[in-house]
Amino acid sequence: MAAMRASPDGFKSEGSLTQAEEHAVGVYRRILCNAHPVLDGTGKSVALGVYPAGCYANHSCDPNVAISHVGDGRALVMRALRPIAQGEELCYSYLAELYQPRAARHEALQKGYYFECECRRCGEDLNKSPDGLLEDEFGEAAAMQTELQEALEAGGQSREALGAMLAGTQGVLHPCNSLVYSLHLGLVAHGSNEEDWETVATSVAAMIAARRSCFAGDLVGMVLLHRVYARALDLSLIHI
């Protein structure tokens, strides 16, 4: 069974708070644990949305659905990542990166959602799980992710700089990694502004190719597939 979100009612408040303050803190913590980021066209979080039905969905590090937004964040959509059996629980990943080592995922979930994941993937023997491979391979990728994250947050990169950063990810980060996706989106934005449609087409084609290369059971490949798919839909390049 997938892990449940912790109830904010169980948290201890620091100091002495009035009843009204306690209520406000409780509401705030419920929002933190249940809100979903609303992304703009570049993949940057611009707001938080609370979707009552979506709040019931539990986390899994081996999700069977992914979420995306339509109508400028007015609606939350779940899309299947693989065939789902009748009666099977719908679970998505609360984490942006699914190919972190198990310990890193647990730390992020504990810090952000106050629970320890007990999904099927986290219960597997490391020697028989893809997580065992990640324990050995994560070092270089983690260092690159940190460097790219800081650079992207700083902003202002030229098209040439983004292209060089993207080239450097080859062989280190998976094509479906969210930072690789962000680099492609940056190139799409530059290409659109400069009317360089070849650059736009190349990056969008790479995102779609990454989506198609990932299949059910490929845990690494399911990183943010919904964003690639939703972005392609927004650009009217694929149809369902």
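These are my notebook entries on the cores, helix 6 and Val65 in this predicted model.

Ground rules. I number residues from 1 along each chain as its sequence is written. Local features need pLDDT of at least 70, side-chain atom pairs count only at pLDDT 80 or more, totals for chains, interfaces and linings use all residues, and side-chain values use heavy atoms, with hydrogens and water left out.

Cores. I looked up the largest nonpolar core (buried Ala, Val, Leu, Ile, Met, Phe, Trp, Tyr and Cys joined through side-chain atoms within 4.5 Å; buried is under 20% relative accessible area, 1.4 Å probe, protein chains only). It has 16 residues, and Tyr92, Tyr94, Leu109, Phe115 and Cys117 touch the most other members. Strand 4 (65–70) and helix 2 (102–113) each supply at least two of its residues; these are DSSP runs, H or I of at least four residues for helices and E of at least two for strands, numbered from the N terminus. Apart from this core I found another, of twelve residues, including Met144 and Leu162.

Leu109. Skipping neighbours within four places in sequence, I get contacts (heavy atoms within 4.5 Å) from Leu109 to His59, Tyr94, Leu95, Tyr114, Phe115 and Cys117.

Val65. I place Val65 in strand 4, buried at a relative accessible area of 4%. With the neighbours within four places in sequence left aside, its contacts include Met78, Ile84 and Tyr92. Val65 and Tyr92 are 27 residues apart in sequence but 5.2 Å apart in space, C-alpha to C-alpha.

Helix 6. Residues 178–193 reach 22 Å from first C-alpha to last, close to the 22 Å expected at 1.5 Å a residue, taken as 1.5 Å times one less than the number of residues. Among its buried residues I noted Tyr181, His184 and Gly191. Just after helix 6, Glu195 takes a positive phi of about 55°.

Technical notes: Buried means under 20% relative accessible area, exposed over 50%, partly exposed in between (1.4 Å probe, protein chains only).
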